[in-house]
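Me: I am new to this structure and would like a close look at a single part, the surroundings of the ligand. Please take me through them in one connected answer.

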Amino acid sequence: MTTSSFTPMRTTITSYIDGQWQPAGALLLPVINPATEEVVAQLGEADARETAAAVAAAQASWKSGIWARKSAAEKRRVFQRIVALTLEHIEELAQLECLNSGLPLNYLRARQLPRITRNFDFFADWLSQNVEKAGMTDQDYLRFVLREPAGVAALIAPWNAPLALASTKIAAALAFGNSCVIKPAETTPLAVARFMDILSEAGVPPGVVNMVNGRGHVTGDALVRDPGVRVVSFTGGTQTGRAIAAAAAPGLKRVDLELGGKSANIITETANLDDALDGALTSIYTNNGQQCFAGSRILLQRSIADAFMRRFVERARAIRVGDPLDMATELGPLSNAAHYARVCSFIEMARADGGELLCGGQRPPGLGAKGYYLEPTAVLMPSNAARVCQQEIFGPFAAFQVFDDFDEAIAIANDSEFGLVSYLWTNDLQQAHRAARAIEAGVVLVNTPMILDLRFPFGGYKSSGVGREGIDGMRHFYTEEKTVTIALQRPAMARLGAGAQ
Ligand code: NAD
């Protein structure tokens, strides 16, 4: 199948409110295939009024208890149907996702979209296991915590893993009994829209999951500010995270912010260098280089640096760049025109800051003039102060630096506004433990690329975010706790006004 012969099911994506697809409003935005630059669908932007209608539907469904009061067993059955239907439609979802994101189809099928079923499987299992505990305070009181849904959750997702990330938020919001409104990125609504049909068919009642579409400063902002929204879960850029936190503050809404990164990948002379090479390439070039946890600063110990860079460059040059629908493709186009221009601008910036271009830095020859393609790029930088070492590029763009001793590597790793993840390749156990303590990041990975597991927290230090996605963080984020205290015997109480009797 070629890119141009594939037609998405829905050519106009509108809001999905209370179980109904809405008619398109006045403003239509083009949804563009980044591999061909063709318009593949139209997006009906939800204004503040339509966004308010989506929140109202979510709130009504939440207050009715139609979902929140279902038993854990009933919720679990719905989750299991979501998993089964997702698997049934995985090919269609993968093609839709590929069409508007440019992510390689093969990668979507094998790696990214299985996260949807893992998310719902995880929470289906959790629903069957979770119990809240009661406790005694000495012999005087029985106390327990009632955990209640927070209410209406606004879920705002980015374009680099559109449905995989949206599904994490939807699964968690639903598992804890909330209703929600999802807003995908305006450039990547196709698979998320199709997923609304799957949720409905699986038995999620109307109004429990709603979807609005549009640009961040219009639809997203209206959603965050809506007084009916209680919590805002956001994954995206750091600047946007700041705007969302500010917009949520007057309503005292809880925010979870999963933001950008500039993660260090430290490779020492004791490491298994074959593994480190695979890990370094994976951490910067998969997902079209658009990963929040990209190992985008590769720090090499001097004794191994030259040989490692030579091997890295050889492999980077051999990465198959091209049509994301081609099953052999390893690296597709960047997500959209503005992002492509921004990523390419870092090539000149690296040179201006004294960097040496090791590979890439241009459009791959032979792919024609269309599509936002960039060769896998790597530069060697003289200092961590360079802009390509400080700013998140979010593309297939690695910045190497060389260090002499381990303390220097840790200092470079921490010399960043960001603190999402950090990678270390070593066979020195003490170094691994030192890095685990000294690195200022929410996740430290030793001798492995990123692995996600909802049993463990995922999130960032510093400008990489606020809050954690992972079962404990999500439990706190998506619920309110109510402590109930029952006296088991008459408590000691002052007897005001009883003195004269
Ligand atoms: P973005 O911040 O531009 O957009 C993300 C979403 O926010 C989109 O849906 C957008 O429409 C919406 N938005 C934009 N402005 C808004 C506003 N003022 N109010 C409400 N919503 C608004 O991010 P992006 O460019 O789509 O995604 C890339 C970024 O996401 C990168 O920085 C990447 O590191 C980050 N990211 C982080 C994680 C993580 O888990 N930490 C995961 C994936 C991506």
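Reply:

**The shell around the ligand**

Both domain 1 (3-259 + 464-484) and domain 2 (264-446) contribute to the shell around the ligand, each with at least three residues. These two domains are what the domain assignment gives for the protein chain. Their C-alpha centres, those of domain 1 and domain 2, are 31 Å apart. Where the two domains are in contact, 24 residues of domain 1 and 30 residues of domain 2 take part.

This is a predicted model, and a word on confidence belongs here. The average pLDDT of the protein chain is 96, and 98% of the residues score at least 70. Residues 1-8 are a stretch with pLDDT below 50. In the model, that stretch has 17 contacts beyond near neighbours in sequence.

Now to the residues themselves. There are 27 residues around the ligand. Those that come nearest are Ala 157, Glu 186, Thr 240, Leu 259 and Glu 392. Sorted by character, the shell has 14 nonpolar residues, eight polar ones and five charged ones.

Some of the polar contacts can be followed atom by atom. Thr 240, one of the residues that come nearest, places a polar side-chain atom 2.6 Å from an oxygen atom of the ligand. Glu 392 also belongs to that nearest group, and an N or O atom in the side chain of Glu 392 is 2.6 Å from a ligand oxygen atom. With Gly 237 the contact comes from the backbone: one of its N or O atoms there lies 2.9 Å from an oxygen atom of the ligand.

How much of the ligand does the protein cover? On its own the ligand has 850 Å² of accessible area, and the protein covers 88% of that.

The shell can also be described by secondary structure. Two or more residues each come from α8 (216-225), β11 (231-235) and α9 (238-248). Of the elements, α8 gives the most, with three residues.

To put the parts together: the ligand has 27 residues around it, drawn from domain 1 and domain 2, and oxygen atoms of the ligand lie 2.6 Å from side-chain atoms of Thr 240 and Glu 392.

Methods
Residues numbered from 1 in each chain as written. Predicted model: local features only at pLDDT ≥ 70, side-chain atom pairs only at ≥ 80, totals over all residues. Heavy atoms only, no water. pLDDT = per-residue confidence, 0-100. Contact = heavy atoms within 4.5 Å. Near = heavy atom within 4 Å. Polar contact = N/O pair within 3.5 Å; in protein donor to acceptor, adjacent residues only side chain to side chain. Areas by Shrake-Rupley, 256 points an atom, 1.4 Å probe, with all protein chains shown as cover. Helix = DSSP H or I, 4+ residues; strand = E, 2+ residues; numbered from the N terminus. Nonpolar A, V, L, I, M, F, W, Y, C, P; charged D, E, K, R; others polar. Domains from an automatic or database assignment.
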